[in-house]
Amino acid sequence: MSEYHVPVMLEECIAGLNLKSDGSYVDVTFGAGGHSQSILNNIGVNGHLYGFDQDDDAEANRIDDPRFVFIKANFRYVKKFLRVEGVRKVDGILADLGVSSYQLDFPERGFSYRFDAELDMRMNHGDELTAAIILKEYSKDDLQMLFSRFGEVRNARTLARLIDQEREVADVKTTFQLNEILERVRFGPRAKYFAQVYQALRMEVNQEVQVLEEMLQGGLDVLKPGGRFVVMSYHSIEDRIVKNFFKTGDVNGVLKKDDFGVIDRPFKLINKKVILASVDEVRRNSRAKSAKLRIAEKI
Ligand SMILES: C[S@@+](CC[C@H](N)C(=O)[O-])C[C@H]1O[C@@H](n2cnc3c(N)ncnc32)[C@H](O)[C@@H]1O
């Protein structure tokens with residue numbers, strides 16, 4: 001398991017869930033099952049854990065335990081698939097967003113600029129949109145917008161224009177083809193610039209913003225009062241959405257009022273300030289560097 005993906009802020013996440021011995025929990029990003037295994041270790045024989053992952057490769061890590069059910073599905077449908085299992089309410093939900101180290105390090109997946117591969121980047125092979133399709137079919141303006149929004153690429157316009165020129169000559173189908181283009185326009189250190197562009201494409205391929213928003217709403221619906229929502233994100237856009245949602249129940253941070261004009265907050269914040277990984281953890285696991293953890297309790 002540790003070879004596959006080292007769980008980030010494990011102790012903080014488990015403490016945040018405030019586990020009850022006979023509680024029902026959901027890990028919507030099962031991955032290598034590091035967080036899930038720890039949840040199982042900390043609940044009793046009558047507890048339950050439902051682990052979601054949309055990636056076929058994650059399914060191979062399913063935990064052989066009568067208290068555990070693996071659900072191969074996108075977490076945007078968390079409410080629906082829990083219903084299929086006969087579950088209407090749960091005591092806690094954990095989300096550790098993004099991709100696993102395994103996905104990043106597996107050349108054929110096309111997530112990483114370090115390996116020559118087709119520009120795929122789908123977490124779920126059943127989906128149609130790939131990074132190569134985006135680079136072929138999105139308009140120059142749409143490319144610019146996604147590089148700027150999801151990758152915070154400073155010269156997104158220049159990059160989109162060059163891709164637009166290059167694809168007139170040949171489709172940009174592989175990571176190394178894309179890298180050649182990036183090398184010509186890159187701004188600042190190579191690793192940082194490449195990572196920003198690849199992240200932007202990955203977020204678009206997997207519709208990461210939309211599915212997060214849907215999962216938060218579905219999660220709120222299925223949480224019991226007193227139930228905990230524990231979300232770890234690695235991108236400022238995602239963290240802002242989580243922060244807004246926990247504060248107001250709305251992904252844009254718009255406060256709702258009830259019929260009497262009283263502000264209706266669905267959560268009590270367990271941590272007012274975002275939780276970051278310790279210096280020691282970041283030293284051991286560089287992936288933890290950008291992690292931001294937020295915990296809320298349903299009122
Ligand atoms: C950061 S890893 C989680 C690692 C996990 N916490 C562990 O300890 O091994 C994220 C995982 O969530 C999955 N994932 C990301 N977005 C998803 C979504 N919308 N629906 C289902 N699974 C998703 C990815 O396939 C990946 O395996």
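## Exercises on a predicted model

Helix H12 covers residues 236-248, 13 residues in total, and stretches 18 Å from its first C-alpha to its last, close to the 18 Å expected at 1.5 Å a residue. The model is a predicted one, so let's work through it with that in mind.

**Exercise 1.** Find which residues of H12 are buried, and work out where on the helix they sit.

*Solution.* Start with the cut-off: a residue counts as buried if 20 or more other C-beta atoms lie within 10 Å of its own. In H12 the buried residues are Glu 238, Asp 239, Ile 241, Val 242, Phe 245 and Phe 246. Now look down the axis of H12: these buried residues fall within an arc of 160°, so they line one face of the helix. Next, ask what that face meets. The buried residues of H12 pack against helix H11 (208-222) and the strands E5 (223-233), E6 (267-269) and E7 (292-298). Finally, step past the end of the helix: Gly 249 follows H12 and has a positive phi, near 85°.

**Exercise 2.** For Met 9 and Asn 18, determine the phi angle, the place in the chain and whether each is buried or partly exposed.

*Solution.* Begin with the background: most residues other than glycine have a negative phi. Met 9 has a positive phi, near 40°. Met 9 is placed in the segment before helix H1 (10-17), and it is buried, with 23 other C-beta atoms within 10 Å. Turn to Asn 18, which is not a glycine either and has a positive phi of about 50°. Asn 18 sits in the loop between H1 and strand E1 (24-27). With 16 other C-beta atoms within 10 Å, Asn 18 is partly exposed.

**Exercise 3.** Describe the surroundings of Ala 200.

*Solution.* First place the residue: Ala 200 belongs to helix H10 (residues 190-205). Then count: 25 other C-beta atoms lie within 10 Å, so Ala 200 is buried. Leaving aside neighbours within four places in sequence, its contacts are Leu 146, Phe 147, Phe 150, Gly 151 and Val 153. As for Lys 140, 60 residues away along the chain, its C-alpha is separated from that of Ala 200 by 15 Å.

**Exercise 4.** How many residues surround the ligand, and how do they divide by character?

*Solution.* Count the shell first: 22 residues surround the ligand, the closest being Pro 7, Thr 29, Gly 31, Ala 32 and Gly 34. Then sort the shell: 8 are nonpolar, 10 polar and 4 charged.

**Exercise 5.** Which segments make up the two domains, and how far apart are their centres?

*Solution.* Domain 1 takes in 10-101 + 208-298, while domain 2 is 128-205. Their C-alpha centres lie 31 Å apart.

Methods:
Residues are numbered from 1 along each chain as its sequence is written. This is a predicted model: local features need pLDDT of at least 70, side-chain atom pairs count only at pLDDT 80 or more; totals for chains, interfaces and linings use all residues. Helices (H or I, at least four residues) and strands (E, at least two) are DSSP runs, numbered from the N terminus. The expected span of a helix is 1.5 Å times one less than its number of residues. A residue is buried if 20 or more other C-beta atoms lie within 10 Å of its own, exposed if 12 or fewer, and partly exposed in between; C-beta atoms are placed from the backbone. The arc is that of the directions from the helix axis to the C-beta atoms. Two residues are in contact if their C-beta atoms, placed from the backbone, lie within 7 Å. A residue is near a molecule or strand if its C-beta atom, placed from the backbone, lies within 6 Å of it. Ala, Val, Leu, Ile, Met, Phe, Trp, Tyr, Cys and Pro count as nonpolar, Asp, Glu, Lys and Arg as charged, and the others, Gly among them, as polar. Domain bounds come from an automatic or database domain assignment.
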